[in-house]
Amino acid sequence: MRMRLLFWRPLAIPTALALLWLFVSGCSSDDQLEKDNPVKPIPVPPVGIDTDLSGPLSLNYPTKADKLDPRRIRLGRWLFHDQRVSVAGDVACSDCHMPQFGYSNRSSTAVGSRQTKTLRKVPSLVNIAWRIYPHYAWDGKSESLEQQVVAAILNPLEMGNAMSHLVENLSRYESYLKYFEETYGSPKITGPRITGALAAYQRTFMSGNSAWDLDRWEAKKNDRTRKRSKGEALFFGKAGCDRCHKGSNLTDHRFHNSGVGWNPDTHEFDDEGRYNVTRATDHKGHFKTPTLRDVAKHPPYMHDGSMPSLFSVLEHYNAGGSANPGLSPEIQPLALSMQEMEAVVLFLESLNGPGPGDQGPAYFPQ
Ligand code: HEC
Ligand code: HEC
């Protein structure tokens, strides 16, 4: 092993220089771009996800007959990681939705184009192809993935761009024109084409193959009865977490008031959540239940990133949430012991998947 490393060392510097040249000159041939970013078959879902992506996706898809297209996914991958999608060319979707952290990240708020700051925690995007209800963002302000992609591009706190400006900007790059032609049949860049490609790529973000999934799968395969861990039994039993964190994605995709962000001094929510969308008074402080897959990868937690660890989330639920006039009746004091809370944290950690193993392209169409 050591010998091989020594042997390769003299090549490391020229290789790095060559890569740097490719990157700086930006005129790598399209052949190289093709070679480094081949069209890949639609990924097979990992253990833990029961449906696949190969047929027409019936849920929350713009047209029910639409199928995922591998070329569209490749184009979306470039766009998702390309900072030129933002108004000042300084932020990519993946700078906030980071692949290694379940497509979320590890800060309570994030920095958008021109150093703006988001008001909410960046949510994870794993298993986004499967939504029980078409609600996107913490307050469900978008009703389709495509609509949420447009919102991200236009939001002054995220990409801060105008669609016309983005279309004009991307149209300056011949190689992008070529890939839009390959994907859509004509070399025309439009808003819906950009968002369609970005949405297709995001529908391939999957999380499964976790310790929890593999254990259940093994048991099923060997036809043996499986013993739940202590934390899992509490999650689905005494602690009642599955009243909201249901099914294989551990979410109902609905809105609840658990008191996060309630300000006892002003008697208001710092962020009114679902109320901003519906204007129904009893929706104040309601936020969408997030998936718990990959959750241990992206502290701090909640829409405002106010809880530093999974243990602090457990303390919040154990106390019966934060008292406020609209608190969900499903949130009650739990009387869990310290050890029981720790066991639930261990269960949440067992939901981590191995991650996508793709940090995005090294360079982009020019
Ligand atoms: C500056 C950080 C930032 C950037 C850049 C960013 N996002 Fe987001 N994204 C967020 C935040 C914060 C939210 C939550 C918004 C809310 O609830 O109001 C969000 C929400 C989303 C959601 C909804 C997820 C859910 O669970 O419903 C999707 C999808 C999404 N972003 C996709 C994108 C795409 C695609 C891009 C690039 C075009 C992008 N984002 C760029 C911060 C960012
Ligand atoms: C009444 C529905 C409900 C119940 C019951 C519930 N949750 Fe939640 N959970 C939510 C909602 C809604 C949020 C988002 C709240 C917010 O950000 O304001 C959330 C957020 C979380 C988060 C943060 C995830 C992230 O990405 O930031 C974790 C972890 C979590 N819940 C775990 C649990 C556990 C463990 C239990 C059981 C002890 C539980 N939940 C019970 C609805 C519920």
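Averaged over the protein chain of this predicted model, the pLDDT is 91, and 89% of the residues score at least 70. Residues 1–8 stand apart from that picture, since their pLDDT is below 50 and, beyond near neighbours in sequence, the stretch has zero contacts in the model. Where pLDDT is low, the predicted coordinates should not be read in detail.

The secondary structure of the protein chain consists of 13 helices and four strands, and 37% of its 366 residues count as buried. Of the contacts between residues at least 6 apart in sequence, 70% join residues that are at least 24 apart.

A good place to enter the fold is its interior. In soluble globular proteins, nonpolar side chains tend to be buried together. Here the largest nonpolar core has 41 residues, and those with the most contacts inside it are Leu79, Ala197 and Leu198. At least two residues of this core come from each of α3 (70–81), α4, α5, α7 (174–184) and α8 (191–202), with α8 giving the most, six residues. Leucine 79 shows how such contacts are made: not counting residues up to four places away in sequence, it touches Val85, Ile194, Ala197 and Leu198. A second core, separate from the one just described, has 16 residues, among them Leu234, Val295, Ala343 and Leu348.

The helix α3 deserves a look of its own. Its twelve residues reach 17 Å from the first C-alpha to the last, which is close to the 16 Å expected at 1.5 Å a residue. Ten of the twelve residues are buried, leaving the helix mostly covered; the buried ones include Arg72, Arg74, Trp78, Leu79 and Phe80. Among the elements that cover the buried residues of α3 are α4, α7 and α8.

The model also holds ligands, and the surroundings of two of them can be described in turn. Around ligand 1 there are 26 residues, of which Cys93, Cys96, Gly112, Ala137 and Trp138 come nearest. The helices α4 (93–96) and α5 (145–154) each supply at least two residues of this shell, and α5 contributes the largest share, five residues. By class, the shell around ligand 1 is made up of 18 nonpolar, four polar and four charged residues.

Ligand 2 is surrounded by 25 residues, and the closest are Cys241, Cys244, Val260, Tyr301 and His303. The largest share of this shell, four residues, comes from helix α12, which covers residues 310–318. The shell around ligand 2 divides by class into 16 nonpolar, seven polar and two charged residues.

From the ligands, the reader can turn to the loops. Leucine 157 has its place in the loop between α5 and α6 (163–170), and it counts as partly exposed because 17 other C-beta atoms lie within 10 Å. Not counting residues up to four places away in sequence, leucine 157 touches Gly112, Thr116, Lys117, Thr118 and Leu119. Its C-alpha atom is separated by 9.0 Å from that of alanine 110, although the two residues are 47 residues apart along the chain.

Leucine 250, in the loop between α10 (230–236) and β1 (255–256), counts as buried because it has 21 C-beta neighbours inside 10 Å. Leaving aside neighbours within four places in sequence, leucine 250 is in contact with His245, Thr291, Leu292 and Arg293. The C-alpha atoms of leucine 250 and leucine 351 are separated by 9.8 Å, and these residues are 101 residues apart along the chain.

A few details of the backbone complete the tour. Proline 299 and proline 300 are joined by a cis peptide bond, with omega about -5 degrees, and proline 300 lies in the loop between β4 (287–288) and α12. The loop between β4 and α12 is also the place of methionine 302, which has a positive phi of about 80 degrees although it is not a glycine. Methionine 302 is partly exposed, because 19 other C-beta atoms lie within 10 Å of its own. Glutamine 115, in the loop between α4 and α5, likewise has a positive phi, near 60 degrees, in a residue other than glycine. Glutamine 115 is exposed, because 9 other C-beta atoms lie within 10 Å.

Terms used. Residues are numbered from 1 along each chain as its sequence is written. Chains are lettered from A and ligands numbered from 1 in the order in which they are written. A residue is near a molecule or strand if its C-beta atom, placed from the backbone, lies within 6 Å of it. Ala, Val, Leu, Ile, Met, Phe, Trp, Tyr, Cys and Pro count as nonpolar, Asp, Glu, Lys and Arg as charged, and the others, Gly among them, as polar. A nonpolar core is a set of buried Ala, Val, Leu, Ile, Met, Phe, Trp, Tyr and Cys residues joined through C-beta atoms within 7 Å. A residue is buried if 20 or more other C-beta atoms lie within 10 Å of its own, exposed if 12 or fewer, and partly exposed in between; C-beta atoms are placed from the backbone. Two residues are in contact if their C-beta atoms, placed from the backbone, lie within 7 Å. pLDDT is the predictor's confidence in each residue, from 0 to 100. The expected span of a helix is 1.5 Å times one less than its number of residues.
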